[in-house]
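Trainee: Could we go through this structure together, taking one question at a time?

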Amino acid sequence: MRRALVAGNWKLNGSLATIQPLIKTILAGIERIQQAEIAVCPPYIYLPAVQAMLMGSPIAVGAQDVSDQDSGAFTGEVSAPMLRDFGVRYCIVGHSERRHIYGENDALTARKFAAARRSELWPILCVGELLEEREQGNTEQVVARQLDAVIHLEGISAFRDAVIAYEPVWAIGTGKTATPEQAQAVHAFIRQRLAAQDKRIAENVRILYGGSVKADNASKLFSQPDVDGGLIGGASLKSGEFLAICGAA
Ligand code: PEP
């Protein structure tokens with residue numbers, strides 16, 4: 001039985017003045033949410049403050065990215081051992097904004113995934129197609145390529161301690177959500193692709209959906225058999241909306 005996960009990706013948002021009330025109201029509402037595991041992924045600079053506020057609560061802390069290197073002359077990077085130092089549990093890798101704005105390719109994403117695992121962080125591997133790739137009928141091919149890059153480097157067993165997030169790029173931050181049927185079809189494809197190598201791992205791995213999830217569409221998406229929660233961008237910055245999404249999982 002897979003336990004649903006709802007992870008909030010704050011992206012490049014927030015300030016010392018806003019994160020405190022946001023976390024406070026999430027904490028106040030979280031007691032009502034028993035089923036799903038909840039995580040928040042603030043910008044790096046706020047991780048220590050958020051971690052301190054969440055100490056002793058059931059909410060986990062995640063990072064939005066990680067270096068593929070553990071230490072050394074890599075200016076501007078933050079490594080997995082550093083994230084571990086601050087009690088971080090999850091780490092998003094291969095988010096479409098990293099892939100498409102900063103040009104991070106499958107190989108670098110796979111190395112970041114490996115770096116997270118070396119430090120016992122759980123990577124949340126984002127995969128997903130561009131609109132034109134979907135329109136050309138290439139969704140499965142793109143998602144398979146993104147998954148295979150990680151399997152090639154780390155082996156299928158790496159997915160024992162990892163999460164996958166299917167995030168169609170055309171649905172991220174656009175207000176256009178995949179239909180529950182579209183999401184389910186790709187989630188089932190991902191699970192089948194993993195099952196071809198290891199049925200047990202495929203059965204146990206959590207596959208989140210991300211892309212304009214809101215309080216009013218979350219329960220239909222999360223009720224699909226292969227959708228195990230969500231990676232939530234914009235709506236994770238509004239406590240009421242985020243709590244409602246968590247309650248739907
Ligand atoms: C995301 O950034 O991972 C995301 C899904 O964003 P949004 O929910 O805003 O579409």
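Trainee: Which helices each supply at least two residues of the lining of the largest pocket?

Mentor: This is a predicted model, in which local features need pLDDT of at least 70 and side-chain atom pairs count only at pLDDT 80 or more, while totals for chains, interfaces and linings use all residues. Residues are numbered from 1 along each chain as its sequence is written, and side-chain values use heavy atoms, with hydrogens and water left out. A pocket here is an open set of points on a 1 Å grid over the protein atoms alone, where a 1.4 Å probe fits, with protein on both sides within 12 Å along at least five of seven lines, and lining residues have an atom within 4 Å of a point. Helices are DSSP runs (H or I, at least four residues) numbered from the N terminus, and those that each give at least two lining residues to the largest pocket are H4 (96-100) and H5 (106-118).

Trainee: How much space lies in the largest pocket, and which residues are closest to its centre?

Mentor: The space in the largest pocket comes to about 560 Å³. It is lined by 24 residues, and those closest to the centre are Leu12, Gln64, Asp65, Arg98 and Tyr102.

Trainee: Which pocket does the ligand take up?

Mentor: A molecule sits in a pocket if more than half of its atoms lie within 2 Å of the grid points of that pocket. For the ligand, the space taken is that of the second largest pocket.

Trainee: Which side chains place a polar atom by an oxygen atom of the ligand, and how much of the ligand does the protein cover?

Mentor: In Lys11, a side-chain N or O atom is 2.7 Å from a ligand oxygen, and in His95 a polar side-chain atom lies 2.9 Å from one. Of the 290 Å² of accessible area that the ligand has on its own (Shrake-Rupley method, 1.4 Å probe), the part covered by the protein is 97%.

Definitions and conventions. A polar contact is a pair of N or O atoms within 3.5 Å; within protein, one must be able to donate a hydrogen and the other to accept it, and residues adjacent in sequence count only if both atoms are side-chain atoms. Grid points are joined across faces, edges and corners, and a volume is the space filled by probe spheres set on the points.
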